[in-house]
Amino acid sequence: MKRCFKIRWSAIRHKLENEYLAESLRGHIKYFATSYNKYHDNEGRASILLDGKEIIEGSYCEQWSKVHLLPKDENFTHKIRRLDEFPIMDDIALQCGQFDQRCFYRAFDEFDNQSIEKSLSSENAIVRVFAILDRRIGKRRLLSMKDSVHNEGEVFWTFFNIRVTAENII
């Protein structure tokens, strides 16, 4: 079922960068998503930047050139990736840029409508990234998570390190 996102990207970005983002990261983390009007179905790209440098980025146009890098099991078959309107967002998908602006919108919708606890344990890696950068995760919580984040993927680990560095709790 196709879900209509009624909130505009500028409002989503404002909430992510001003209402949810940890104080220590404000002005450093930026979220980007755009749709290209000249592409079929207004496809686009999305990214998360740290001090102007893209940490993760994905584009609909580049998705299919990297699909062969995804693991071939029941969750990540090429057929599922092509037919699923919102592909499975895991660490490997983020590393390969297997997402676009619609994946950001979907992740934000999930993140914005559930508790921070549920967001931290979401199956969607973008939602977990939004959560680890969230102001509701304090220093004590970050310290208590230090040992368990090794089980997370490389992308989550990267954003966890960005956050603990910003909080001066390395």
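**Figure 1. Salt bridge between Asp134 and Arg136.** Asp134 and Arg136 are joined by a salt bridge in which the closest N and O atoms are 2.9 Å apart. The model shown here and in the following views is predicted. The two partners differ in their surroundings: Asp134 is buried, with a relative accessible area of 0%, whereas Arg136, at 35% relative accessibility, counts as partly exposed. This contact belongs to a structure that holds 9 salt bridges.

**Figure 2. Further salt bridges, including a network.** The side chains of Arg26 and Glu23 meet in a salt bridge with an N to O distance of 3.0 Å. Glu23 is exposed, its relative accessible area being 59%, while Arg26 is partly exposed at 28% relative accessibility. A salt bridge also brings together the side chains of Glu167 and Arg163, again described by 3.0 Å from N to O. Glu167 and Arg163 are both buried. In addition, Arg45, Glu54 and Glu57 are linked in a network of salt bridges.

**Figure 3. The aromatic pair of Trp9 and Phe104.** The count of aromatic pairs in the model comes to 7. One of them is formed by Trp9 and Phe104, whose ring centres are 6.2 Å apart and whose planes stand at 50 degrees, a tilted arrangement. The pair links distant parts of the chain, since Trp9 lies in helix 1 (residues 9-20) and Phe104 lies in helix 5 (residues 101-112), 95 residues apart. Trp9 counts as buried because its relative accessibility of 12% is under the 20% limit. Phe104 is likewise buried, with a relative accessible area of 0%.

**Figure 4. The aromatic pair of Tyr31 and Phe130.** Tyr31 and Phe130 form an edge-to-face pair, with 5.6 Å from centre to centre and 75 degrees between the planes. This pair, too, links distant parts of the chain: Tyr31 belongs to strand 1 (residues 29-35) and Phe130 to helix 7 (residues 125-132), with their positions 99 residues apart in the numbering. Both Tyr31 and Phe130 are buried.

**Figure 5. One aromatic cluster.** Trp9, Tyr20, Tyr31, Phe104, Tyr105, Phe111 and Phe130 form one aromatic cluster. Its members include Trp9 and Phe104, the tilted pair, as well as Tyr31 and Phe130, the edge-to-face pair. Among the cluster residues, Phe104, Tyr105 and Phe111 are also listed with the buried residues of helix 5.

**Figure 6. Helix 5 and its packing partners.** Helix 5 has 12 residues and reaches 16 Å from its first C-alpha to its last, close to the 16 Å expected at 1.5 Å a residue. Its buried residues are Gln101, Cys103, Phe104, Tyr105, Ala107, Phe108, Asp109 and Phe111. These buried residues pack against helix 1, strand 1, strand 2 (44-50), helix 6 (116-120) and helix 7. The contact with helix 1 can be viewed together with the pairing of Trp9, in helix 1, and Phe104, in helix 5.

**Figure 7. Surroundings of Arg128 in helix 7.** Arg128 lies in helix 7, the helix that also holds Phe130. With a relative accessible area of 12%, Arg128 is buried. When residues up to four places away in sequence are not counted, Arg128 touches Ser119, Leu120, Ser122, Glu123, Glu152 and Phe156. Two of these neighbours, Ser119 and Leu120, fall within helix 6 (116-120).

Notes. Residues numbered from 1 in each chain as written. Predicted model: local features only at pLDDT ≥ 70, side-chain atom pairs only at ≥ 80, totals over all residues. Heavy atoms only, no water. Phe/Tyr/Trp six-rings, centres within 6.5 Å; stacked < 30°, edge-to-face > 60°. Helix = DSSP H or I, 4+ residues; strand = E, 2+ residues; numbered from the N terminus. Buried < 20%, exposed > 50% of the residue type's maximum accessible area, 1.4 Å probe, protein only. Expected span 1.5 Å × (residues − 1). Contact = heavy atoms within 4.5 Å. Salt bridge = Lys/Arg side-chain N within 4 Å of Asp/Glu carboxyl O.
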